[in-house]
Amino acid sequence: MPIYSGARILIESLLRENVEVVFGYPGGKVIPLYDELYDAPIKHILVRHEQGAAHAADGYARSTGKVGVCIATSGPGATNLVTGIATAYMDSIPLVAFTGQAPTNLIGTDSFQEIDIRGITLPITKHNYMVTNVKDLARIIKEAFYIARTGRPGPVLMDLPVDVLKAKADFIYPEKVNLPGYQPTYEGNYMQIKLAAEEINNSKKPIIFAGGGVINSNASQELTELAVKGKIPVVTSLMGIGAFPEDNELSLKMLGMHGTKYANYAISEADLIIGVGVRFDDRVTGKLETFAPNSKIVHIDIDPAEINKNVKVDIPIVGNAKDVLKKLVPLIKTIERKEWLKKIREWKNNYPLTYEINEDNIKPQYFIETLNKYCNEDRIVVTEVGQNQMWAAQFFEYHKPRTFITSGGLGTMGYGLPASMGVQIANPGKTVIMIAGDGSFQMNVQELATISNNKLPIKMIILNNGTLGMVRQWQELFFDERYSATMLENPDFVKLGEAYGIKSMRISKLNEVEVSIKQMLNHNGPVLLEVAIPLEENVFPMVPEGASIKEILEPKNKVIRKEIQGEIA
């Protein structure tokens with residue numbers, strides 16, 4: 001049995017977990033680890049900020065279902081990971097983060113770059129460890145990966161004192177984990193599943209509400225079978241986008257604050273909601289007292305803590321979405337539900353997503369619709385957070401899971417650019433499109449260097465309105481147009497991209513849209529495309545915070561998109 005240093009044990013353990021790439025930034029306390037990485041058959045992506053490492057590992061995980069891995073040194077290196085870890089935690093993304101730490105004999109003495117990263121990350125990790133004995137290292141790594149990927153996925157942090165990385169021990173990688181207190185429930189109670197089936201079969205106006213849990217458990221096929229067999233319309237959360245093909249007639253797209261009007265109407269009138277892998281969070285339910293007043297709720301979720309947390313559930317089913325749906329689908333009767341689907345079609349026809357368009361400027365909705373037209377199904381869209389995120393959710397069409405990557409629960413500005421790096425590295429043959437606002441893009445703009453150095457062919461789109469658009473929108477609608485600290489003085493994004501050796505373009509006219517999109521998609525390397533959009537453009541529909549989801553704001557001058565497009569054509 002070989003005797004290795006802690007750093008070598010860590011590398012050998014990563015290889016046993018089939019880790020092919022890690023994202024990180026070196027520092028004093030992790031130099032022994034980086035010394036071993038130098039010869040290891042593991043690709044290391046040197047980011048320019050530790051937050052970028054966490055988001056890149058997150059993007060890698062979301063687009064593949066594998067565990068993402070990131071590394072930072074102690075102190076500020078470790079704390080720079082915190083936003084990325086919290087982002088992954090809120091969206092249930094499997095991540096293992098390694099942080100350096102002061103030597104064990106100095107812990108608690110306020111030594112150089114010492115920080116209690118375990119204490120800091122306790123509320124935002126599924127579990128975390130400090131390894132104080134090199135003999136425990138391999139076992140803990142095995143446990144960390146197991147915890148991150150099983151049950152409800154999530155981030156796990158391992159804090160590594162530098163003397164543990166230098167110490168030596170026998171290397172034995174365990175074949176199994178032994179965690180008696182951690183036993184996720186996958187199967188779901190069959191009697192509860194039968195009860196759910198009876199309710200679905202007796203329902204006249206059922207609706208499926210699909211969330212990120214469907215994607216995490218690879219249950220999209222089973223969810224589609226349930227919807228098609230039962231003729232049940234489907235709405236999704238932001239995290240559930242891609243779980244059900246949006247070109248299917250049963251799709252009502254996204255629900256909630258910026259969801260479609262017809263999705264909000266449908267769930268408000270449903271007599272049965274089948275929630276699958278969703279949290280029923282406030283951006284979806286709006287005012288809880290008025291949410292789905294006439295509906296029973298079936299809730300399928302791997303995490304029992306989510307059941308009855310935000311809404312009262314009639315039939316709880318704790319289990320993995322894929323396993324539960326496999327048992328549920330055979331129990332569902334084929335029912336036409338003609339009246340319910342007729343009503344749904346009327347809502348979709350009467351209340352489509354709309355926006356105005358003219359030849360004086362580029363509306364972001366028009367740009368995204370046009371972009372969608374030129375992309376094949378293998379593209380993956382990654383977004384920043386804000387108006388750009390909502391327009392990308394509304395006006396791009398998603399047919400497959402893991403093709404829409406975004407920060408949902410935490411709403412992390414600065415997520416998209418580094419996350420797109422992880423997505424592109426995990427999917428080298430696919431077109432990765434990153435959609436940002438000018439504010440969010442600048443939050444981690446330093447990662448342009450990582451993209452350039454690694455020749456990642458990411459297509460980066462900045463929807464530039466010179467303002468923090470979503471905050472400005474709230475100020476306009478709810479704060480008497482008092483635009484406090486939302487105007488931005490931006491750099492020249494084209495020159496910025498070119499400084500990193502990236503092909504960069506700017507457009508501001510309607511007739512430049514299609515040409516620029518073709519140029520961008522046809523270019524082999526990374527491209528930065530700045531799109532000047534109107535400052536005052538807002539995201540609609542919109543449900544004000546705390547209102548019922550049927551209290552929907554719309555543009556002042558509503559124009560049906562199809563009519564406008566017809567005029568331009």
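Here are three short exercises on a parallel sheet and two of its helices.

This is a predicted model, in which local features need pLDDT of at least 70, side-chain atom pairs count only at pLDDT 80 or more, and totals for chains, interfaces and linings use all residues. Residues are numbered from 1 along each chain as its sequence is written, and side-chain values use heavy atoms, leaving out hydrogens and water.

**Exercise 1.** Find the order of the strands in the open sheet.

Solution. Helices (H or I, at least four residues) and strands (E, at least two) are DSSP runs, numbered from the N terminus. Two strands pair if DSSP finds at least two bridges between them. Six strands line up as β16-β15-β17-β18-β20-β19, with parallel pairing. The edges are β16 and β19, each pairing on one side only.

**Exercise 2.** Work out which residues of strand β15 (residues 380-383) are buried, and name bridge partners of T383 and V382.

Solution. Buried means under 20% relative accessible area, with a 1.4 Å probe and protein chains only. On one side I380 and V382 are buried, and on the other V381 and T383 are too. Next, T383 has I435 of β17 as its bridge partner, while V382 has I405 of β16.

**Exercise 3.** Decide how the buried residues of helix α23 (residues 513-522) are arranged.

Solution. Start with the list: V513, S516, I517 and M520 are buried. Down the axis of α23 they fall within an arc of 100 degrees, so they line one face of the helix; the arc is that of the directions from the helix axis to the C-beta atoms. Finally, these residues pack (heavy atoms within 4.5 Å) against α16, β18, β19 and β20.

Terms used: Buried means under 20% relative accessible area, exposed over 50%, partly exposed in between (1.4 Å probe, protein chains only).
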